[in-house]
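Biologist: Thanks for sitting down with me. Could you walk me through the packing in this one?

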Amino acid sequence: MSRMRRLLHRVWAFVRRKPLDAELEAELAAHLQMAIDDNLAHGLSPAEARRLALVSIGGMEQARYKHREARGMMSLDILLQDLKYTLRTLMRDLGFTVVAVLILALAIGANIAVFSVVNTLLLRPLPFPNAHELVWIAPPPTKCGLSCATYSTDAYDEFRTGSRSYQDVTGYFAFSSADNLSLNMDDAPIPATSIDVIQNFFPVLGVQAQMGRVFTPDDARNGAAPVVILTNAWWRRQFHSDPHIVGKAFDMNGRQTTVIGVLPASFDFGAVFAPGTKVDAITPLNLYGPPRDWGNIVTFIGRLKPGVTLGQARAEAARVAPRMCWNDKHPETCGNYKDEVVPVALKDYVSGKLRRSLVVLWSAVGAILLIACVNLSNLLLARAAARAKEFAMRGALGASRGRIVRQLLTESLVLSGAGAVLGFMLAAVLVAWLAHQGAIALPLLSTLHIDGAALGWTVVIAVFAAVVFGLVPGLRMAGGNVYESLKDAGPGATASRRHERIRSVLVVSEVALACMLLVGAGLLLRSFINVLNVDLGFQPDRAAAVKVEYDDNVPGDKNGDLSAQKRAAIFQSILARVGSLPGVEAAGFTDYLPLGQNRAWGMPFPKGVKAPYELNAAPLVYVVSPGYMRAMGTAIRGRDFSWSDGPTGEQVIMINKSYARFIAEYAKLPDGDLVGKPLSNGGGPDLHVIGVVDDVHEESVDGEAGWQIYYPMTQETPSGAELVVRTSLPPSSLATSILTTLRELNPRQPMAEFKPIRLLVNHAVSGRQFFMLLVASFATLGLLLAALGIYGVISYSVTRQTQEIGIRMALGASAGQVQRQVLMGTLRLALIGVVIGAGASVMSARFIASLLYATSPWDAATYVSMAIALLAVAGFSGYIPAFRASRINPTVALHTN
Amino acid sequence: MVLQTLTVMGSVHGYGIARRIEQVSGNGVLLNQGTIYASLVRLEQRGWISSNWGTSDNNRKAKYYSITAAGRRQLAADARYWERLKDVMERVLTMDKSAAGADA
């Protein structure tokens with residue numbers, strides 16, 4: 001009790017120490033006066049009375065000090081003193097302070113920004129309540145794209161009712177394409193993207209509507225009135241944040257659709273499930289309507305019951321899977337999903353693949369921080385040398401070693417504190433910018449923000465940095481022998497060898513770290529260039545795509561032949577018009593573009609050979625028009641589709657080289673050439689291969705090209721139409737004329753986005769590019785800091801050796817010799833650093849091997865070029881002091897000292 | 001010591017306390033009078049003494065300290081403790097050899 005009370009008093013006393021000091025002064029004065037009075041009463045002379053009184057008090061200053069110690073918080077007093085002193089000295093040396101704070105701000109800022117990214121993607125749970133219960137349920141990766149990563153509606157029902165591990169299971173329709181919704185207001189239809197979700201999607205994720213409500217089972221029944229939920233962003237952008245939007249109906253895809261709710265801004269479908277895309281609206285998926293027979297179309301997302309582990313859920317899924325049917329009407333398809341129902345934590349599905357990249361990124365900024373610390377250590381050492389005398393003096397006057405270290409640590413804390421504040425601001429700007437890079441295909445990027453954790457991390461690294469860069473010079477300085485320092489700091493002394501050695505070690509470690517960063521960045525850069533140079537199977541430059549609306553509906557059409565004819569007529573007329581526009585070289589239609597959506601329809605195989613269905617693979621299907629291959633720049637061996645390949649003619653297809661090679665090898669075809677051969681197609685009519693085309697990278701740029709099969713739009717039903725044009729002019733310059741033409745032909749054509757094909761490729765590599773750019777900029781920063789460090793050390797040693805150099809020049813050394821000697825010293829340090837750094841890189845390169853593409857982690861060219869770059873920079877930063885050294889005037893040098 | 005002094009003398013200033021302790025201890029405790037102020041501030045912060053400014057006999061302004069109720073309680077407790085300690089020490093120091101042998 002009394003202890004608490006005392007603490008409070010102490011704090012209070014600390015706050016009002018000025019008046020308390022004054023009071024103490026008065027008290028002491030009174031005391032002294034009374035003692036003098038007493039002594040005078042004893043008959044002493046005034047002078048003697050005063051002397052004895054002072055003696056009995058035992059030193060006024062000690063009394064004051066003891067009193068303050070008992071009264072307040074001495075350590076805080078000292079801290080304030082140190083702070084005041086620090087600020088004064090730092091202000092006096094403004095150049096040093098600015099450089100130090102800037103270096104720290106860059107390093108700490110980079111660290112906070114990367115921490116925020118890592119925190120968002122790896123550490124923080126997904127932005128849903130009890131996110132750890134959420135699982136993504138999918139088959140292991142296979143060769144047939146999305147169709148093999150999804151399940152049928154029958155399978156969904158069986159899994160949902162047959163599993164006990166889940167509170168509920170939901171999913172969404174995985175094949176929605178961008179701009180699949182056209183909103184018809186007053187003018188041209190507005191394209192938007194909507195996703196069909198199973199009605200319990202939001203309750204399972206734990207997302208509530210910000211306004212209105214989410215779906216109910218009734219919204220997804222046959223014959224239900226069409227409803228839509230708007231995402232927050234679309235509501236704000238398209239509907240101007242209309243507060244009364246709920247209940248209003250709009251013409252969407254030709255149907256009056258009622259808005260029943262608006263989602264909170266915190267829910268971003270694309271950020272979690274489809275990185276790099278934007279989703280505007282959510283619509284209910286009617287599981288019992290036409291999608292019933294569409295095959296594999298939904299993804300599974302489940303919420304585990306509390307206490308159920310992932311292992312239990314997996315074991316159960318393995319038991320349920322054999323009972324799931326692809327289609328209940330075809331009992332032979334039951335058991336198709338055996339071993340293909342595997343729950344994984346949703347978080348792992350969303351960002352698991354990025355773990356390695358993020359760890360590399362984190363290490364890179366960690367290295368930057370270390371380099372910055374080493375650099376500052378160096379700068380502080382240089383300052384320490386200049387201040388050695390000051391500290392020696394303080395030591396001689398009785399300051400303890402701890403007290404001096406404390407003073408120096410206060411200085412470094414002030415520096416790193418200032419750096420942290422500035423760095424925090426830098427990071428905030430960077431993070432805000434990153435959060436708006438919707439085009440980068442990284443999950444959760446839009447949810448990026450600076451939070452309490454980032455603030456905490458800032459404090460941690462600021463203190464860490466301060467201790468790391470402050471301790472070495474601090475101990476060094478405080479530990480020095482007083483006599484030696486006083487002597488050493490005197491003018492004319494030659495460089496203290498020990499001092500120089502510490503600084504050299506620091507520079508070498510700095511160069512080594514920079515070298516590791518550079519090698520890492522170099523390897524990533526090389527990989528990125530390799531990725532850009534991948535033969536995609538199509539020519540992405542000077543080509544663009546635009547989504548085209550068409551209506552091929554023919555009433556009373558029984559087998560789809562009539563609508564196929566109508567469709568062919570529509571497409572033919574569009575291609576004729578667009579193809580005649582100036583600047584258009586070729587044009588064609590496809591339903592899916594590469595590097596986007598995909599699906600598979602089974603595995604056509606030569607007659608008489610049983611297809612290897614157990615491989616669970618199938619070629620991806622594209623339904624295209626004549627001329628599409630030419631528009632994309634994909635080479636065909638054989639012939640292209642023609643408009644005469646009609647619904648009643650022979651069924652024709654094109655396949656890609658990989659699939660052709662696989663079939664030929666598997667079926668042991670004698671000549672290996674499939675062109676002109678028929679393939680059997682389940683029960684349907686034979687498919688005649690009329691052409692073999694180049695492998696197109698359909699899923700990713702850096703992945704392997706899989707199997708593809710192309711059907712003509714005149715015979716199969718496409719699931720949409722993307723018009724691809726190849727142009728002789730930059731594609732964007734043709735956007736207006738093409739869109740105008742499309743709108744002339746069909747007034748319902750929305751003002752769809754005109755997408756250069758190059759953009760699709762860029763989007764596909766944006767994640768890799770993002771990491772590469774970050775690591776490369778960190779490496780550049782590291783290189784700059786290392787150069788600064790080298791410059792600092794060499795120029796300092798030149799200054800210290802001015803006299804020595806002066807003597808040597810007086811004895812006949814030429815300017816060239818002096819320059820060479822300084823440069824050699826620099827290069828020697830850099831070389832040691834490079835050797836150590838390269839060695840460390842060789843050992844740690846395996847760590848980033850999985851992030852590289854067609855690049856060995858021990859790629860000699862990268863190592864050599866990075867080493868040369870580093871040495872060149874080192875040479876350059878050593879050249880300035882070397883040049884200065886060669887300009888030393890012997891007489892002046894010898895004179896001044 | 002300070003508390004006892006204050007109990008006996010009532011309200012006293014720092015100089016008075018210092019002098020008093022010197023006199024009572026028969027100069028057995030020779031303290032730097034200045035250090036008395038560190039003890040006083042400690043006792044005051046613990047709430048055992050209180051202080052206010054007053055005027056001395058010969059008209060000098062001085063800070064007067066007096067003991068509080070809590071201080072008296074503390075003094076009583078401390079006194080008991082010292083009494084006990086004194087008794088124990090006395091017994092230990094006057095112990096003769098036979099008793100020591102028996103105890104062992």
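**Helices, cores and a strand pair**

Modeller: Gladly! This is a predicted model. One place to begin is the end of a helix: helix 23 of chain A is followed by Gly812(A), with a positive phi near 115 degrees.

Biologist: Within what arc do the buried residues of helix 23 of chain A fall, seen down its axis?

Modeller: Helix 23 covers residues 802-810 of chain A, and Ile805(A), Gly806(A) and Met809(A) are buried there. They line one face of the helix, because seen down the axis they fall within an arc of 105 degrees.

Biologist: Nice. Which helix gives the most to the largest nonpolar core?

Modeller: That core has 248 residues, and Ile368(A) and Leu723(A) are among those with the most contacts inside it. Setting aside neighbours within four places in sequence, Ile368(A) is in contact with Ala107(A), Ala110(A), Phe778(A), Leu781(A) and Gly782(A). With 22 residues, the top contributor to this core is helix 22 (residues 757-800) of chain A.

Biologist: And how many residues are in the second, separate core?

Modeller: Its members include Ala53(A) and Ala63(A), along with Val12(B) and Tyr65(B). The count for this separate core is 23 residues.

Biologist: One more, please: which residue stands opposite Phe589(A)?

Modeller: Start with strand 14 (residues 584-590) of chain A, which is mostly covered, five of its seven residues being buried. Strand 14 pairs with strand 22 (residues 722-727) of chain A in the antiparallel sense, over six bridges. Across from Phe589(A), in strand 22 of chain A, stands Leu723(A).

Notes:
Residues are numbered from 1 along each chain as its sequence is written. Chains are lettered from A and ligands numbered from 1 in the order in which they are written. This is a predicted model: local features need pLDDT of at least 70, side-chain atom pairs count only at pLDDT 80 or more; totals for chains, interfaces and linings use all residues. A residue is buried if 20 or more other C-beta atoms lie within 10 Å of its own, exposed if 12 or fewer, and partly exposed in between; C-beta atoms are placed from the backbone. Helices (H or I, at least four residues) and strands (E, at least two) are DSSP runs, numbered from the N terminus. The arc is that of the directions from the helix axis to the C-beta atoms. A nonpolar core is a set of buried Ala, Val, Leu, Ile, Met, Phe, Trp, Tyr and Cys residues joined through C-beta atoms within 7 Å. Two residues are in contact if their C-beta atoms, placed from the backbone, lie within 7 Å. Two strands pair if DSSP finds at least two bridges between them.
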